[in-house]
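User: I'd like to learn how to read the contacts in a model like this one. Can you walk me through it?

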Amino acid sequence: MTAHLTRSHTLPNNLLVLTREVHSAPVVTCWIWYRVGSRNEISGRTGVSHWVEHMLFKGTPEMPAGMLDRLVARNGGIFNGFTSTDFTAYYETLPADRLDLALHIEADRMMNANFAPEEVERERTVILAELEEHANEPWTWLDDAVRAAAFTAHPYHHPVIGYEADLRAMTRDDLYAHYQTYYMPNNAVLVLVGDFQTGDLLRRIEHFFADLPAGPPVPRPHAAEPEPQGERRVTIRRPGPAAYLQMGFLVPDCRNPDFAAVAVLDAVLGGARSLTFGKEVQTNRSARLYQALVETELASSTGSYFHPSYDPSLFELYATVNVDHQADEVEAALLREVEKIQQDGVSDLELTRIIKQVRAQIAYGSERVTRQAMMIGMWEMLDHFGRTETLLEELMAVRKEDVQRVAQTYLTTRRSTIGHFIPTGNEE
Amino acid sequence: MMRDTRKVNTYGFMAYPALPPLFGTNSPGPVGGLSSTTRQTLSNGMVVLVLNNPSSPTVSLCGAVGVGAIHETADRSGLADFTASALIRGTRSRTYQQMITETEARGCSIGADAGNHLSGFYGKALSEDLPLMLEILADMLVHPTFPEPEMEKLRNQMLIDLREYEEDTGMRTTRALRSLLYPPDHPYSRLSFGTIETIQNISRDDMIAFHQHYHPAATSIAIVGDVQPEAVVETLERIFGDWNPPETSLTRTLPDVPPLSGVQRCNMTIPGKVQSDMVMGVHGITRTDPDYYAFLLGNLILGQLGLFGRLGESVREKQGLAYHVSSSLQAGLGAGPWVATAGVNPASVEQAIQAILHEIERFKREGPTSEELSDARAYLTGSMVLVLESNAGLVSTLLDLEIYGLGLDFIERFPDIINRVSREEIIAVARTYLSTEDYVVAVAGPPSSSATCAA
């Protein structure tokens, strides 16, 4: 595999620029990341980060609403944006000779988004429709309830999309103030991966970005989730096709020395992930949870979920309860798998398998520049982009004892929130 | 059929929902482009397409056998998909446990499923593991044993998925739309993964019998990655060479589809829902129909380009009614429908339907603007490089070229094909197919008094 090294550059206005040349296809991807997400939101204004993200597609004086999408399409590109708990990101992936367009769009909308009042109103119902679309899924109700119970003092408590009442009450000024607070070069990271020459590229970047003024320092949230003092339980009773189970354990953030061991624990239970913590291929069927729950027909599907976060977050186990079984049985079976690791640890064979799986997931992920840039940007938001080049080594350095220890330390009853979705039939 | 049904946002909330890519999967890495593909027919009739793409140490594979849901009877609906999904559940030389252990231990993935006309198989591996992946694939395609206990486990998993579909607004509207668009004896009137009832009825013997129709002469396979094409062809000849089952003639003439007459509508209620899904549709065309490229451009402008075309502009951007709204042309080996879909608040369903009809009517009357047409052409031809960036994009494109007989020089010819389609042809196609008087609509959402059908 060609070693693609990421290079870092900082403009005088403190915009961090990360570049990686990849010449295997005439394609380039341009991402801009802002250090703001639902983690930066306060009570009563939930969903403001996501809504601001939507407004960045609604025009600037230079590129009125609708023009951006036409320009990207006309140039053979794809684009989107997303908001997470810890960051907000926007990207365009284009034929390599069209890169200027992406740079132009991102420099323009960092400072000049219109937030026209009538566009804000129209977007309100679009976002409410997005919320309703998620609410059609039973899992959304369970996931929201588990998070709300697991986090009492930290904003990971609320869903990224926000609460309906807050979305109905949000004003144009709330949105614009949020935009003005967080959208500035010193709070942004520009990531470019693809078929370019770095020297030429940096000149283009300076052309578009160097004159953007740096803003004041950005407020940093100080919320911390206190140490849990006992298990929490939530039950959702709603119409649904099956019973579902989701449990979360409070685990450290991705800068903690135990992070790699927790990631390996996740892989032992549910199969290894790529460096964006998604899965390029299925790896769960040979892993412990599937073997213990699906192969025994207690559950029709099961898995673990873990991803790197800025603040301590949840390590999750989930399952869809099979028709002839009860949620309690499945809960006990999930916990039994955790206890086995706490008592007996994991095997050398499992660790070897996981490292090979991670290597494969990394290789598949590197086939697309879009995915590579996502990985680089995500890690810079959470810690440092260099983690993309050291994480495999971190995982390889994890010993069996480390996995057992983190299971004993973090996957405890005291740190758990257990949620059941119980279908109520069709009485409504 | 292998789904993780837990739908929770992994990375966060997207500004716009993802649309399925227009070509194969997603994004020309290989030196010499697709024209340098080695295309060979093995001694048993199987067509093999292999392309060297040294840009990453991986290999992707996808292929298809010419059997699918159109070859099932109505009371065994889902048989093709059940059979394909069962291939990995045990062969003469491997148990299911061995299959998943051997593949997953290498980060290698293999699977199979079935649609209306084809049963597809696919795989991904590090190049060093290609020999193992091919060996397992051959084992699955040629020597599956459909072991009884595994079939029951798989059946139960499929039944849970089907129960979830019963309460999924998108699935219910799609199924209702199909039943309104096609007569009951037409396989397109059903969904290819069957129903709770038919999946319960399918026996192991049904699967063994259906598998007899898998034939190398009806099979194509595409392989792209860091591989040596001659060596791959030799390996395939060795491992598939003894696959020479007796010729089975499986022909299925699809019944005539009576033209739609008036508006047929189905409203369904599902407890616990807060949003309604609506789908409207008309009869469409096959991928090889002469009208295809005009329809492709028309659909792009109407319901996809930029942020979901004119439908997105009207229903989402101007009226704020929906987060997702778009249209799709489902043209394959058979003539699938053209459909427009939106997720809206129950109180806004009629407004959304009227808005979509209005945009279709306006498009038929005025046609695309010259700017829209040049944007659509530029998008289709410009974005080809994104489609052909990855091995996965390359294999699915190669397989499409083979299945539809488009030729390995298609990518070079494509810009010319697209640029020759005139504005008048697009208008003519829209006027021919996109009726605003004779169409079907299906809506599924929260309980209300308006349930009018039980599809």
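Analyst: Sure. Domain bounds here come from an automatic or database domain assignment, and the model itself is predicted. In chain B, that gives domain 1 (34-240) and domain 2 (263-445).

User: How far apart do the C-alpha centres of domain 1 and domain 2 of chain B lie, and how many residues does the contact take from each?

Analyst: The centres are 28 Å apart. The contact draws 37 residues from domain 1 of chain B and 42 residues from domain 2 of chain B.

User: What about buried area between those two domains of chain B?

Analyst: Think of buried area as the accessible area that two parts lose on being put together, summed over both. For this pair of domains in chain B, about 3100 Å² is buried, with 70% of it on carbon and sulfur atoms. On the domain 1 side, L34(B), L177(B) and L180(B) supply 22% of the area buried against domain 2, more than any other three residues.

User: And which side chains meet in a salt bridge there?

Analyst: You look for a Lys or Arg side-chain nitrogen within 4 Å of a carboxyl oxygen of Asp or Glu. Across the interface of the two domains of chain B there is one salt bridge. E402(B) and R39(B) meet in a salt bridge at 2.9 Å, N to O. The same interface of domain 1 and domain 2 of chain B also has 11 residue pairs in polar contact.

User: Which helix of chain B gives the largest share of the domain 1 side?

Analyst: Helix 5 of chain B, with nine residues. By class, that side of domain 1 of chain B has 18 nonpolar, 13 polar and six charged residues.

User: Now the two chains. How many residues does the contact take from chain A and from chain B?

Analyst: Chain A gives 89 residues and chain B gives 83 residues. About 7400 Å² is buried between chain A and chain B, and carbon and sulfur atoms give 53% of that.

User: How many salt bridges and polar contacts are there between chain A and chain B?

Analyst: The count is eight salt bridges. In a salt bridge between the side chains of E123(A) and R316(B), N to O is 3.4 Å. Between chain A and chain B, 32 residue pairs are in polar contact. Helix 4 (residues 117-135) of chain A gives the most to the chain A side, with 11 residues.

User: Which strands pair across the two chains?

Analyst: Strand 4 (residues 78-83) of chain A pairs with strand 1 (residues 13-14) of chain B in the antiparallel sense, over two bridges. To find the spot, look for F82(A), which stands opposite M14(B).

Notes
Residues are numbered from 1 along each chain as its sequence is written. Chains are lettered from A and ligands numbered from 1 in the order in which they are written. This is a predicted model: local features need pLDDT of at least 70, side-chain atom pairs count only at pLDDT 80 or more; totals for chains, interfaces and linings use all residues. Side-chain values use heavy atoms; hydrogens and water are left out. Contact means heavy atoms within 4.5 Å. Buried area is the accessible area (1.4 Å probe) that two parts lose on being put together, summed over both. A polar contact is a pair of N or O atoms within 3.5 Å; within protein, one must be able to donate a hydrogen and the other to accept it, and residues adjacent in sequence count only if both atoms are side-chain atoms. Helices (H or I, at least four residues) and strands (E, at least two) are DSSP runs, numbered from the N terminus. Ala, Val, Leu, Ile, Met, Phe, Trp, Tyr, Cys and Pro count as nonpolar, Asp, Glu, Lys and Arg as charged, and the others, Gly among them, as polar. Two strands pair if DSSP finds at least two bridges between them.
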